[in-house]
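Please read what follows with the sequence and the three-dimensional view side by side, and locate each part as it is named.

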Amino acid sequence: NRRFVLASRPEGEASAQNFRLETVETPALSDGQVLVRHHYLSLDPYMRGRMNEGKSYAAPQPLGEVMIGGTVGEVVESRHPRFAAGDKVQGMGGWQEWSVVDANQPGMLRKVDDSRVPLSHYLGAVGMPGVTGWYGLNRIIEPKPGKTVTVSAASGAVGSAVGVLAKARGCRAVGIAGGAEKCRYVVEELGFDACIDYREHPDLGSLSKALKQACPDGIDGHFENVGGMILDAVMLRSSAFARVALCGMIAGYDGQPIPLRHPQLILTNRMRVEGFIVSEHLDVWPEALAELGELVGSGRFRPRETVASGIEAAPEAFLGLLRGRNFGKQLVKLA
Ligand code: NDP
(Lines give C-alpha, C1' and ligand atoms only; values in the text may rest on other atoms or scores of the structure.)
Protein backbone atom coordinates (compact mmCIF):
# COMPACT_ATOMS: atom_id res chain seq x y z
CA ASN A 1 0.00 0.00 0.00
CA ARG A 2 1.45 3.34 -1.05
CA ARG A 3 0.33 6.40 0.89
CA PHE A 4 1.12 10.05 1.50
CA VAL A 5 1.66 11.38 4.99
CA LEU A 6 1.97 15.02 6.00
CA ALA A 7 5.73 15.50 6.41
CA SER A 8 5.79 19.18 7.43
CA ARG A 9 3.52 22.19 7.79
CA PRO A 10 3.67 24.87 5.09
CA GLU A 11 4.95 28.35 5.82
CA GLY A 12 2.94 30.42 3.36
CA GLU A 13 2.37 28.51 0.15
CA ALA A 14 1.95 24.75 0.39
CA SER A 15 4.49 22.72 -1.61
CA ALA A 16 5.11 19.12 -2.66
CA GLN A 17 7.82 18.92 0.03
CA ASN A 18 5.10 19.03 2.69
CA PHE A 19 4.10 15.46 1.71
CA ARG A 20 6.03 12.18 1.95
CA LEU A 21 5.30 8.98 0.02
CA GLU A 22 5.57 5.75 2.04
CA THR A 23 5.05 2.09 1.27
CA VAL A 24 3.56 -0.05 4.06
CA GLU A 25 2.04 -3.51 4.47
CA THR A 26 -1.74 -3.71 4.64
CA PRO A 27 -2.61 -5.23 8.05
CA ALA A 28 -4.69 -8.43 8.37
CA LEU A 29 -8.39 -7.84 9.10
CA SER A 30 -9.96 -8.15 12.57
CA ASP A 31 -13.66 -8.73 13.18
CA GLY A 32 -15.80 -5.83 11.98
CA GLN A 33 -13.17 -4.62 9.52
CA VAL A 34 -13.30 -4.27 5.75
CA LEU A 35 -10.46 -4.01 3.24
CA VAL A 36 -11.16 -1.45 0.52
CA ARG A 37 -9.24 -0.94 -2.72
CA HIS A 38 -9.56 2.74 -3.60
CA HIS A 39 -10.55 3.61 -7.16
CA TYR A 40 -10.54 7.39 -6.68
CA LEU A 41 -9.21 9.84 -4.13
CA SER A 42 -10.91 13.22 -3.79
CA LEU A 43 -8.75 16.33 -3.50
CA ASP A 44 -10.51 19.23 -1.77
CA PRO A 45 -9.56 22.78 -0.74
CA TYR A 46 -10.31 22.08 2.96
CA MET A 47 -7.17 19.89 3.08
CA ARG A 48 -5.05 23.05 2.90
CA GLY A 49 -6.55 24.26 6.18
CA ARG A 50 -5.85 20.93 7.87
CA MET A 51 -2.15 21.23 6.99
CA ASN A 52 -1.86 24.23 9.33
CA GLU A 53 -1.42 24.09 13.05
CA GLY A 54 -3.73 26.15 15.16
CA LYS A 55 -7.36 26.48 15.95
CA SER A 56 -10.02 26.06 13.28
CA TYR A 57 -13.39 24.34 12.98
CA ALA A 58 -11.54 21.01 12.63
CA ALA A 59 -8.40 19.64 14.28
CA PRO A 60 -5.15 19.89 12.27
CA GLN A 61 -3.91 16.89 10.31
CA PRO A 62 -1.28 15.19 12.53
CA LEU A 63 2.26 15.05 11.13
CA GLY A 64 3.42 11.62 9.95
CA GLU A 65 -0.11 10.31 9.46
CA VAL A 66 -1.96 9.52 6.24
CA MET A 67 -3.42 12.67 4.70
CA ILE A 68 -7.15 12.91 5.22
CA GLY A 69 -9.32 12.49 2.12
CA GLY A 70 -12.57 11.13 0.74
CA THR A 71 -12.34 7.93 -1.35
CA VAL A 72 -14.53 5.61 -3.38
CA GLY A 73 -13.63 2.03 -4.13
CA GLU A 74 -14.47 -1.62 -3.88
CA VAL A 75 -14.58 -4.01 -0.95
CA VAL A 76 -11.97 -6.71 -1.51
CA GLU A 77 -12.34 -8.60 1.78
CA SER A 78 -14.87 -8.24 4.57
CA ARG A 79 -15.22 -9.36 8.16
CA HIS A 80 -18.35 -7.27 8.63
CA PRO A 81 -21.85 -8.69 8.01
CA ARG A 82 -23.12 -5.60 6.12
CA PHE A 83 -20.33 -5.57 3.54
CA ALA A 84 -19.26 -8.17 0.99
CA ALA A 85 -16.44 -8.39 -1.54
CA GLY A 86 -17.43 -6.49 -4.67
CA ASP A 87 -19.52 -3.83 -2.89
CA LYS A 88 -18.85 -0.28 -4.13
CA VAL A 89 -18.26 2.01 -1.18
CA GLN A 90 -17.51 5.60 -0.26
CA GLY A 91 -15.52 6.57 2.82
CA MET A 92 -12.67 8.66 4.19
CA GLY A 93 -9.82 6.34 3.20
CA GLY A 94 -7.20 9.09 2.85
CA TRP A 95 -4.34 9.60 0.39
CA GLN A 96 -3.54 5.91 -0.10
CA GLU A 97 -4.29 3.00 -2.39
CA TRP A 98 -5.96 0.73 0.15
CA SER A 99 -7.61 1.16 3.52
CA VAL A 100 -8.73 -1.06 6.37
CA VAL A 101 -11.96 0.37 7.72
CA ASP A 102 -13.67 -0.25 11.03
CA ALA A 103 -17.14 -0.62 9.56
CA ASN A 104 -18.81 -0.71 12.99
CA GLN A 105 -18.09 2.95 13.56
CA PRO A 106 -21.07 4.92 12.29
CA GLY A 107 -20.59 6.88 9.06
CA MET A 108 -17.20 5.32 8.22
CA LEU A 109 -18.28 3.47 5.09
CA ARG A 110 -21.36 3.84 2.88
CA LYS A 111 -22.44 1.52 0.08
CA VAL A 112 -23.13 3.33 -3.19
CA ASP A 113 -24.91 2.29 -6.37
CA ASP A 114 -22.80 2.96 -9.46
CA SER A 115 -25.33 1.66 -11.97
CA ARG A 116 -26.80 5.12 -12.78
CA VAL A 117 -24.23 7.43 -11.25
CA PRO A 118 -20.54 6.77 -12.05
CA LEU A 119 -18.56 5.92 -8.92
CA SER A 120 -16.34 9.00 -9.06
CA HIS A 121 -19.32 11.39 -8.83
CA TYR A 122 -19.92 10.22 -5.24
CA LEU A 123 -16.88 12.35 -4.39
CA GLY A 124 -18.21 15.37 -6.27
CA ALA A 125 -21.69 16.25 -7.49
CA VAL A 126 -23.38 13.41 -5.57
CA GLY A 127 -21.09 13.73 -2.57
CA MET A 128 -19.76 16.31 -0.11
CA PRO A 129 -19.23 19.16 -2.64
CA GLY A 130 -22.71 18.73 -4.13
CA VAL A 131 -24.32 18.76 -0.69
CA THR A 132 -22.31 21.88 0.14
CA GLY A 133 -23.86 23.68 -2.82
CA TRP A 134 -27.29 22.37 -1.91
CA TYR A 135 -27.06 23.52 1.71
CA GLY A 136 -25.77 27.02 1.05
CA LEU A 137 -28.28 27.63 -1.71
CA ASN A 138 -31.39 26.19 -0.09
CA ARG A 139 -30.79 26.91 3.58
CA ILE A 140 -28.97 30.26 3.44
CA ILE A 141 -29.79 31.93 0.13
CA GLU A 142 -33.33 30.44 -0.01
CA PRO A 143 -33.75 31.13 -3.73
CA LYS A 144 -37.02 32.40 -5.18
CA PRO A 145 -38.05 32.03 -8.84
CA GLY A 146 -37.03 35.00 -10.97
CA LYS A 147 -34.36 36.19 -8.53
CA THR A 148 -30.67 36.42 -9.45
CA VAL A 149 -28.10 34.14 -7.81
CA THR A 150 -24.35 34.47 -8.42
CA VAL A 151 -21.62 31.96 -7.55
CA SER A 152 -17.82 32.17 -7.68
CA ALA A 153 -15.57 29.24 -8.75
CA ALA A 154 -18.64 28.39 -10.80
CA SER A 155 -17.14 25.57 -12.87
CA GLY A 156 -15.86 23.77 -9.77
CA ALA A 157 -17.30 20.88 -7.80
CA VAL A 158 -19.36 23.05 -5.45
CA GLY A 159 -20.09 25.96 -7.80
CA SER A 160 -21.45 23.79 -10.62
CA ALA A 161 -24.00 22.23 -8.26
CA VAL A 162 -25.08 25.66 -7.00
CA GLY A 163 -25.82 26.85 -10.54
CA VAL A 164 -27.66 23.74 -11.67
CA LEU A 165 -29.81 23.79 -8.51
CA ALA A 166 -30.48 27.54 -8.80
CA LYS A 167 -31.70 27.03 -12.38
CA ALA A 168 -33.92 24.17 -11.17
CA ARG A 169 -35.46 26.66 -8.67
CA GLY A 170 -36.26 29.10 -11.48
CA CYS A 171 -33.53 31.64 -10.72
CA ARG A 172 -31.26 33.58 -13.03
CA ALA A 173 -27.86 31.97 -12.39
CA VAL A 174 -24.66 33.90 -13.07
CA GLY A 175 -21.25 32.33 -12.59
CA ILE A 176 -17.82 33.83 -12.04
CA ALA A 177 -14.86 31.67 -13.13
CA GLY A 178 -11.25 31.88 -14.29
CA GLY A 179 -10.86 31.63 -18.06
CA ALA A 180 -12.92 31.52 -21.25
CA GLU A 181 -13.07 27.73 -21.41
CA LYS A 182 -14.49 27.42 -17.89
CA CYS A 183 -17.03 30.16 -18.63
CA ARG A 184 -18.14 28.47 -21.84
CA TYR A 185 -18.72 25.20 -19.97
CA VAL A 186 -20.65 26.99 -17.21
CA VAL A 187 -23.11 28.50 -19.70
CA GLU A 188 -23.29 25.87 -22.44
CA GLU A 189 -23.12 22.66 -20.45
CA LEU A 190 -24.30 23.59 -16.97
CA GLY A 191 -27.04 25.92 -18.22
CA PHE A 192 -26.14 29.10 -16.32
CA ASP A 193 -27.56 32.30 -17.87
CA ALA A 194 -24.14 34.00 -17.95
CA CYS A 195 -20.59 33.62 -16.67
CA ILE A 196 -17.96 36.29 -16.06
CA ASP A 197 -14.29 35.54 -16.60
CA TYR A 198 -12.68 37.44 -13.70
CA ARG A 199 -9.27 37.22 -15.36
CA GLU A 200 -10.59 39.60 -18.02
CA HIS A 201 -11.53 42.03 -15.25
CA PRO A 202 -8.42 42.40 -13.12
CA ASP A 203 -9.68 45.41 -11.14
CA LEU A 204 -12.73 45.95 -8.97
CA GLY A 205 -14.28 48.63 -11.18
CA SER A 206 -14.17 46.47 -14.28
CA LEU A 207 -15.46 43.34 -12.50
CA SER A 208 -18.30 45.19 -10.86
CA LYS A 209 -19.28 46.69 -14.24
CA ALA A 210 -19.34 43.21 -15.80
CA LEU A 211 -21.56 42.03 -12.95
CA LYS A 212 -23.92 44.94 -13.51
CA GLN A 213 -24.31 43.91 -17.13
CA ALA A 214 -24.90 40.25 -16.30
CA CYS A 215 -27.23 41.05 -13.37
CA PRO A 216 -29.31 44.04 -14.52
CA ASP A 217 -31.77 43.59 -11.62
CA GLY A 218 -29.05 43.31 -8.99
CA ILE A 219 -27.90 40.27 -7.02
CA ASP A 220 -30.37 38.69 -4.58
CA GLY A 221 -28.30 35.72 -3.49
CA HIS A 222 -24.58 35.00 -3.71
CA PHE A 223 -22.63 31.82 -3.03
CA GLU A 224 -19.01 32.68 -2.18
CA ASN A 225 -16.19 30.21 -2.78
CA VAL A 226 -13.23 32.52 -3.33
CA GLY A 227 -13.22 35.79 -1.33
CA GLY A 228 -11.20 38.91 -2.05
CA MET A 229 -12.05 41.07 -5.03
CA ILE A 230 -14.87 38.81 -6.24
CA LEU A 231 -16.79 39.27 -3.00
CA ASP A 232 -16.18 43.03 -3.08
CA ALA A 233 -17.57 43.25 -6.61
CA VAL A 234 -20.66 41.20 -5.74
CA MET A 235 -21.35 43.37 -2.68
CA LEU A 236 -21.27 46.48 -4.86
CA ARG A 237 -24.08 44.97 -7.00
CA SER A 238 -26.16 43.44 -4.21
CA SER A 239 -29.85 44.19 -3.95
CA ALA A 240 -31.44 45.21 -0.67
CA PHE A 241 -31.75 42.21 1.70
CA ALA A 242 -29.36 40.10 -0.41
CA ARG A 243 -28.14 36.89 1.19
CA VAL A 244 -24.61 35.56 0.98
CA ALA A 245 -23.71 31.94 1.72
CA LEU A 246 -20.05 32.16 2.78
CA CYS A 247 -18.78 28.73 1.82
CA GLY A 248 -15.09 29.20 1.08
CA MET A 249 -12.37 31.84 0.66
CA ILE A 250 -9.82 29.89 -1.35
CA ALA A 251 -8.02 33.08 -2.43
CA GLY A 252 -6.69 33.30 1.13
CA TYR A 253 -5.89 29.65 1.96
CA ASP A 254 -2.12 30.07 1.53
CA GLY A 255 -2.22 33.01 3.92
CA GLN A 256 -2.82 35.83 1.41
CA PRO A 257 -4.65 38.83 2.88
CA ILE A 258 -8.25 39.08 1.62
CA PRO A 259 -9.66 42.24 3.21
CA LEU A 260 -13.27 43.29 2.64
CA ARG A 261 -13.12 46.69 0.98
CA HIS A 262 -16.69 47.86 1.60
CA PRO A 263 -18.03 46.22 4.78
CA GLN A 264 -20.51 49.09 5.20
CA LEU A 265 -22.50 47.62 2.28
CA ILE A 266 -23.62 44.79 4.59
CA LEU A 267 -25.41 47.47 6.57
CA THR A 268 -26.64 49.76 3.82
CA ASN A 269 -27.89 46.83 1.71
CA ARG A 270 -29.23 45.07 4.84
CA MET A 271 -27.39 41.94 3.74
CA ARG A 272 -27.34 38.65 5.58
CA VAL A 273 -23.93 36.97 5.35
CA GLU A 274 -23.69 33.48 6.84
CA GLY A 275 -20.81 31.02 6.95
CA PHE A 276 -21.41 27.28 7.23
CA ILE A 277 -19.61 23.93 7.37
CA VAL A 278 -21.45 21.19 5.49
CA SER A 279 -20.41 18.38 7.84
CA GLU A 280 -22.31 20.12 10.64
CA HIS A 281 -25.62 19.74 8.78
CA LEU A 282 -25.93 15.99 8.40
CA ASP A 283 -29.73 16.27 8.52
CA VAL A 284 -29.90 17.64 4.94
CA TRP A 285 -27.56 15.06 3.37
CA PRO A 286 -30.18 12.42 2.43
CA GLU A 287 -32.51 14.95 0.78
CA ALA A 288 -29.65 16.74 -0.98
CA LEU A 289 -28.00 13.52 -2.21
CA ALA A 290 -31.34 12.24 -3.52
CA GLU A 291 -31.92 15.38 -5.59
CA LEU A 292 -28.33 15.55 -6.84
CA GLY A 293 -28.32 11.83 -7.68
CA GLU A 294 -31.50 12.31 -9.72
CA LEU A 295 -30.06 15.33 -11.57
CA VAL A 296 -26.86 13.47 -12.44
CA GLY A 297 -28.52 10.09 -13.11
CA SER A 298 -31.00 11.67 -15.52
CA GLY A 299 -28.24 13.53 -17.37
CA ARG A 300 -29.55 16.99 -16.50
CA PHE A 301 -26.37 17.72 -14.54
CA ARG A 302 -23.15 16.67 -16.25
CA PRO A 303 -20.35 17.36 -13.78
CA ARG A 304 -16.88 17.82 -15.10
CA GLU A 305 -13.79 16.14 -13.60
CA THR A 306 -10.03 16.57 -13.75
CA VAL A 307 -8.41 13.20 -13.08
CA ALA A 308 -4.75 12.78 -12.13
CA SER A 309 -3.31 9.30 -12.46
CA GLY A 310 -1.68 7.29 -9.65
CA ILE A 311 -1.13 8.10 -5.98
CA GLU A 312 2.25 9.72 -6.74
CA ALA A 313 0.37 12.47 -8.66
CA ALA A 314 -1.68 13.56 -5.62
CA PRO A 315 0.51 16.41 -4.24
CA GLU A 316 0.89 18.23 -7.58
CA ALA A 317 -2.81 17.80 -8.37
CA PHE A 318 -3.68 19.21 -4.96
CA LEU A 319 -1.39 22.23 -5.40
CA GLY A 320 -2.97 22.77 -8.83
CA LEU A 321 -6.43 22.86 -7.25
CA LEU A 322 -5.30 25.70 -4.98
CA ARG A 323 -4.16 27.63 -8.07
CA GLY A 324 -7.21 27.02 -10.25
CA ARG A 325 -5.51 24.53 -12.59
CA ASN A 326 -8.33 22.01 -12.10
CA PHE A 327 -11.44 22.15 -14.26
CA GLY A 328 -14.32 20.70 -12.28
CA LYS A 329 -13.92 18.13 -9.51
CA GLN A 330 -10.26 17.22 -8.88
CA LEU A 331 -9.70 13.49 -8.45
CA VAL A 332 -6.83 11.02 -8.42
CA LYS A 333 -7.47 7.68 -10.12
CA LEU A 334 -5.88 4.84 -8.16
CA ALA A 335 -7.20 1.59 -9.64
P1 NDP B 1 -13.23 23.75 -7.02
O2 NDP B 1 -13.51 22.51 -7.78
O3 NDP B 1 -14.09 24.94 -7.24
O4 NDP B 1 -11.72 24.15 -7.27
C5 NDP B 1 -11.19 25.31 -6.73
C6 NDP B 1 -11.37 26.49 -7.70
O7 NDP B 1 -11.19 27.68 -6.99
C8 NDP B 1 -10.34 26.54 -8.79
O9 NDP B 1 -10.64 25.73 -9.90
C10 NDP B 1 -10.35 27.99 -9.17
O11 NDP B 1 -11.41 28.25 -10.07
C12 NDP B 1 -10.67 28.66 -7.85
N13 NDP B 1 -9.45 29.19 -7.26
C14 NDP B 1 -8.39 28.53 -6.81
N15 NDP B 1 -7.48 29.37 -6.33
C16 NDP B 1 -7.97 30.59 -6.47
C17 NDP B 1 -7.48 31.88 -6.16
N18 NDP B 1 -6.31 32.05 -5.57
N19 NDP B 1 -8.25 32.91 -6.47
C20 NDP B 1 -9.43 32.74 -7.06
N21 NDP B 1 -9.94 31.53 -7.37
C22 NDP B 1 -9.20 30.47 -7.07
O23 NDP B 1 -13.23 23.42 -5.46
P24 NDP B 1 -14.49 22.98 -4.60
O25 NDP B 1 -15.71 23.11 -5.42
O26 NDP B 1 -14.18 21.70 -3.98
O27 NDP B 1 -14.55 24.07 -3.43
C28 NDP B 1 -15.00 25.38 -3.70
C29 NDP B 1 -14.99 26.17 -2.41
O30 NDP B 1 -15.90 25.60 -1.48
C31 NDP B 1 -13.65 26.23 -1.70
O32 NDP B 1 -13.46 27.52 -1.20
C33 NDP B 1 -13.82 25.24 -0.57
O34 NDP B 1 -12.98 25.51 0.52
C35 NDP B 1 -15.28 25.45 -0.23
N36 NDP B 1 -15.92 24.35 0.47
C37 NDP B 1 -16.54 24.63 1.65
C38 NDP B 1 -17.25 23.67 2.34
C39 NDP B 1 -17.98 24.04 3.59
O40 NDP B 1 -18.52 23.18 4.27
N41 NDP B 1 -18.06 25.32 3.92
C42 NDP B 1 -17.29 22.27 1.86
C43 NDP B 1 -16.65 22.10 0.57
C44 NDP B 1 -15.98 23.10 -0.08
P45 NDP B 1 -11.27 29.43 -11.14
O46 NDP B 1 -10.25 29.02 -12.12
O47 NDP B 1 -12.64 29.56 -11.69
O48 NDP B 1 -10.84 30.62 -10.35
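**From one helix to the whole chain**

In helix H3, the residues Ala-157, Val-158, Gly-159, Ser-160, Ala-161, Val-162, Gly-163, Val-164, Leu-165 and Ala-166 are buried. The model is a predicted one, and H3 is a convenient place to enter it. Ten of the twelve residues of H3 are buried, so that the helix is mostly covered, given that a residue counts as buried when 20 or more other C-beta atoms lie within 10 Å of its own. The length of H3 can be checked as well: the helix runs over residues 157-168, and at 1.5 Å a residue its twelve residues should span 16 Å, which agrees with the 17 Å that separate its end C-alpha atoms. Just after H3, Gly-170 takes a positive phi of about 85 degrees.

How does the pattern of a helix bear on reading such a list of residues? An α-helix has 3.6 residues a turn, so residues three or four places apart point the same way.

What does a residue of another helix touch here? Gly-133, which is found in helix H2, touches Val-158, Ala-161, Val-162 and Leu-165, leaving aside residues up to four places away in sequence. Those four partners are among the buried residues of H3. Gly-133 counts as buried because 29 other C-beta atoms lie within 10 Å, where 20 or more are enough. The C-alpha atom of Gly-133 is also separated by 8.5 Å from that of Cys-247, although the two residues are 114 residues apart along the chain.

The ligand brings these two helices up again. It is surrounded by 29 residues, of which the closest are Gly-156, Val-158, Gly-178, Gly-248 and Gly-324. The elements that give two or more residues to this shell are helix H2, residues 128-141, and H3, and H3 gives the most, with three residues. Sorted by class, the shell around the ligand consists of 16 nonpolar, nine polar and four charged residues.

Where does the ligand lie with respect to the domains? The protein chain is divided into domain 1, made of residues 2-124 together with 303-333, and domain 2, made of residues 128-279. The contact between them takes 16 residues from domain 1 and 16 residues from domain 2, and the side of domain 1 that touches domain 2 has six nonpolar, six polar and four charged residues. The centres of domain 1 and domain 2, taken over C-alpha atoms, are separated by 28 Å. Because both domain 1 and domain 2 give residues to the shell around the ligand, the ligand lies between them.

A database record offers another way of dividing the chain. In an unreviewed entry, UniProt lists residues 14-332 as "domain: Enoyl reductase (ER)". Over residues 14-332 the chain is 27% helix and 24% strand, and the end C-alpha atoms of that stretch are 19 Å apart.

Two loops on either side of strand S8 deserve a careful look at the backbone. Glu-142 is found in the loop between H2 and strand S8, residues 148-152, and Ala-153 lies in the loop between S8 and H3. Glu-142 has a positive phi of about 50 degrees although it is not a glycine, and for Ala-153, likewise not a glycine, phi is positive at about 50 degrees. As to their surroundings, Glu-142 counts as partly exposed because it has 14 C-beta neighbours inside 10 Å, whereas Ala-153 counts as buried because it has 28.

The final two residues can be taken together, one from a strand and one from a loop. Val-244 lies in strand S12, residues 238-246, and is buried, with 24 other C-beta atoms within 10 Å. Val-244 touches His-222, Glu-224, Met-271 and Val-273, again leaving aside residues up to four places away in sequence, and its C-alpha atom is 6.4 Å from that of Ile-141, which is 103 residues away in sequence. Pro-216, by contrast, is exposed, with 9 other C-beta atoms within 10 Å. Pro-216 lies in the loop between helix H5, residues 204-214, and strand S11, residues 219-224, and Pro-216 and Arg-237, which are 21 residues apart in sequence, are 9.2 Å apart in space from C-alpha to C-alpha.

Notes
Residues numbered from 1 in each chain as written. Predicted model: local features only at pLDDT ≥ 70, side-chain atom pairs only at ≥ 80, totals over all residues. Expected span 1.5 Å × (residues − 1). Near = placed C-beta within 6 Å. Nonpolar A, V, L, I, M, F, W, Y, C, P; charged D, E, K, R; others polar. Domains from an automatic or database assignment. Contact = placed C-beta atoms within 7 Å. UniProt positions renumbered as here; feature names shortened; annotations may be inferred.
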